[in-house]
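This report covers a ligand site and two sheets. The structure comes first, then the surroundings of the ligand, then the strands.

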Amino acid sequence: MGKVGLGVAAGCAAVTCAIAAALVARRASARAHWRRAVALLREFEEGCATPPARLRQVVDAMVVEMHAGLASDGGSKLKMLLTFVDALPNGNEEGIYYAIDLGGTNFRLLRVEVGAGSVVIGRKVEHQPIPEELTKGTLEELLNYIALALKNFVEREDGKDERRALGFTFSFPVRQTSVSSGSLIRWTKGFSIEDAVGKDVAQCLNEALARNGLDMSVTALVNDTVGTLALGHYYDEDTVAAVIIGAGTNACYIERTDAIIKCQGLLTNSGGMVVNMEWGNFWSSHLPRTPYDISLDDETQNRNDQGFEKMISGIYLGEVARLVLHRMALESDVFGDAADSLSAPFTLSTPLLAAIREDDSPDLSEVRRILQEHLRIPDPPLKTRRLVVKVCDIVTRRAARLAAAGIVGILKKLGRDGSGVASTGKTRSQPRRTVVAIEGGMYQGYPVFREYLDEALVEILGEEVARTVTLRVTEDGSGIGAALLAAVHSSNRQGSI
Ligand code: BGC
């Protein structure tokens, strides 16, 4: 080989070495990026951990806060609001009742016909969207829109509105002054109609109904949890509490009036009253809070409020996952150039998070489609798709397990958690059968969430006690229950608690 040949050969070798070195460096860098993404995942998983011992701490904290909220207004982040519902439907109600159910991006109009013996003879439920601008305008505009929709609904149904009792489900924190009146404390779930805060929403709806020529007025103003409890109790008298886990989350339960210390002297015929806990605002240092939860809170209009809700409910779960994925995109290259598309708040909705977690195809093809179409991550490899599934799983599992702890908190407060000692100090024998009515898309429409919640209930309560507790899904209970409560509170009191 001549000098030239040698030179060419040496040159080729040098290029080959350089390419090999570049490849090695690239692989090393890819491995480092992957390790970083995995480290972020592990960190997030640890931050969200809810072992049984921690769940029990959350249960106890919930009970402590329930006592504090019942002792004085402002005594706890748990508002423990009076509902003035001291009688629940017992199956003797008869007649036709209407209800309006407002609590999210949709509202529902209902016509319910009931006959004696817990028979729902007929029900008509119509869903209508609420235009986005109405959730940020004035209360009058919103209620006019709803009143007009009700008028059209009544005309379509039977044309007779004369003095019909109306249930109004209003799923936001309300300080009630009677079963049919109460003022809005503040908005949640993204609503922000400033002029409504402090106003009696039932009275404002009555005015809107009158403006629209409807001869109806609100007989029962109820939270969605209270409506759900009413329907649960209508079918099964062992129902003592109700939980909603949907866009937002909350619970209510039947409390003895003598335990509602902040209203000393409060007397009811039944000796009990439904208390709207507003548990979405529950807070405890035992809750597993991560830096992503803090970032999420910063993005919301109700910062420092609804902390429990932000870890559990549908409006927020997808966003927590998105924040984790965005950080991974910034600190590693596992999502290619997708950091920008992952940077937009609320682009990963909770229904998408659920679809990702529930994809059981071997190649996670649904996950690939969602990442490509919704987050503009082109062709993510299988291991990246698995990583995303894991993030969605961690968010779901924590939410479901915390909701379970909340439910056990109520059972414990009622002395129905099998711990043997009611929180009043009296000893109890065998736990009684207990039914908790439950509604909302997270529990009804997301099987993995439901499995995690049910599993955590057994972990906290133990199998024997868990067998005495039934979570009963009701359908449209928030609205139908409001119609039933309108029935109970419109005529002679017939209900029981
Ligand atoms: C509201 C509650 C409601 C819950 C479920 C929360 O954001 O504050 O009043 O019951 O959502 O809809």
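## Ligand shell

The shell around the ligand consists of three nonpolar, seven polar and four charged residues. The model is a predicted one. In total, 14 residues surround the ligand, and those that come nearest are Thr-188, Asn-223, Asp-224, Glu-278 and Glu-309.

Two domains contribute to this shell: domain 1 (48-80 + 237-420 + 431-475) and domain 2 (84-222) each supply at least three residues.

## Polar contacts and burial of the ligand

Oxygen atoms of the ligand take part in contacts with side chains and with the backbone. For Glu-278, a side-chain N or O atom is 2.6 Å from a ligand oxygen. For Glu-309, the corresponding distance from a side-chain N or O atom to an oxygen atom of the ligand is 2.8 Å. With Phe-172 the contact involves the backbone, where an N or O atom lies 3.4 Å from a ligand oxygen. On its own the ligand has 310 Å² of accessible area, and the protein covers 98% of that area.

Glu-278 and Glu-309 thus appear twice in this account: both are listed among the residues that come nearest to the ligand, and each has a side-chain N or O atom paired with a ligand oxygen, at 2.6 Å for Glu-278 and at 2.8 Å for Glu-309.

## Five-stranded sheet

One open sheet is built from five strands in the order S4-S3-S2-S5-S8, with mixed pairing. Its edges are strand S4 (119-129) and strand S8 (216-222), each of which pairs on one side only. On average, neighbouring strands in this sheet are turned by 25° against each other, direction ignored.

At the S4 edge, strand S3 (residues 106-115) runs antiparallel to S4, and ten bridges join the two. Within this pairing, Glu-113 has Gly-122 of S4 as its bridge partner.

## Six-stranded sheet

Another open sheet has six strands, ordered S1-S11-S10-S9-S12-S13, and its pairing is also mixed. Strand S1 (81-82) and strand S13 (469-473) form the edges, pairing on one side only.

At the S13 edge, strand S12 (residues 434-439) pairs with S13 in the parallel sense, over five bridges. Ile-438 has Val-473 in S13 as its bridge partner.

Methods
Residues are numbered from 1 along each chain as its sequence is written. This is a predicted model: local features need pLDDT of at least 70, side-chain atom pairs count only at pLDDT 80 or more; totals for chains, interfaces and linings use all residues. Side-chain values use heavy atoms; hydrogens and water are left out. A residue is near a molecule or strand if one of its heavy atoms lies within 4 Å of it. A polar contact is a pair of N or O atoms within 3.5 Å; within protein, one must be able to donate a hydrogen and the other to accept it, and residues adjacent in sequence count only if both atoms are side-chain atoms. Accessible areas come from the Shrake-Rupley method with a 1.4 Å probe; for residues, only the protein chains shown count as cover. Ala, Val, Leu, Ile, Met, Phe, Trp, Tyr, Cys and Pro count as nonpolar, Asp, Glu, Lys and Arg as charged, and the others, Gly among them, as polar. Domain bounds come from an automatic or database domain assignment. Two strands pair if DSSP finds at least two bridges between them. Helices (H or I, at least four residues) and strands (E, at least two) are DSSP runs, numbered from the N terminus. Axes are lines fitted to C-alpha atoms, for helices over the stretch in contact, and angles run from 0 to 180 degrees between N-to-C directions.
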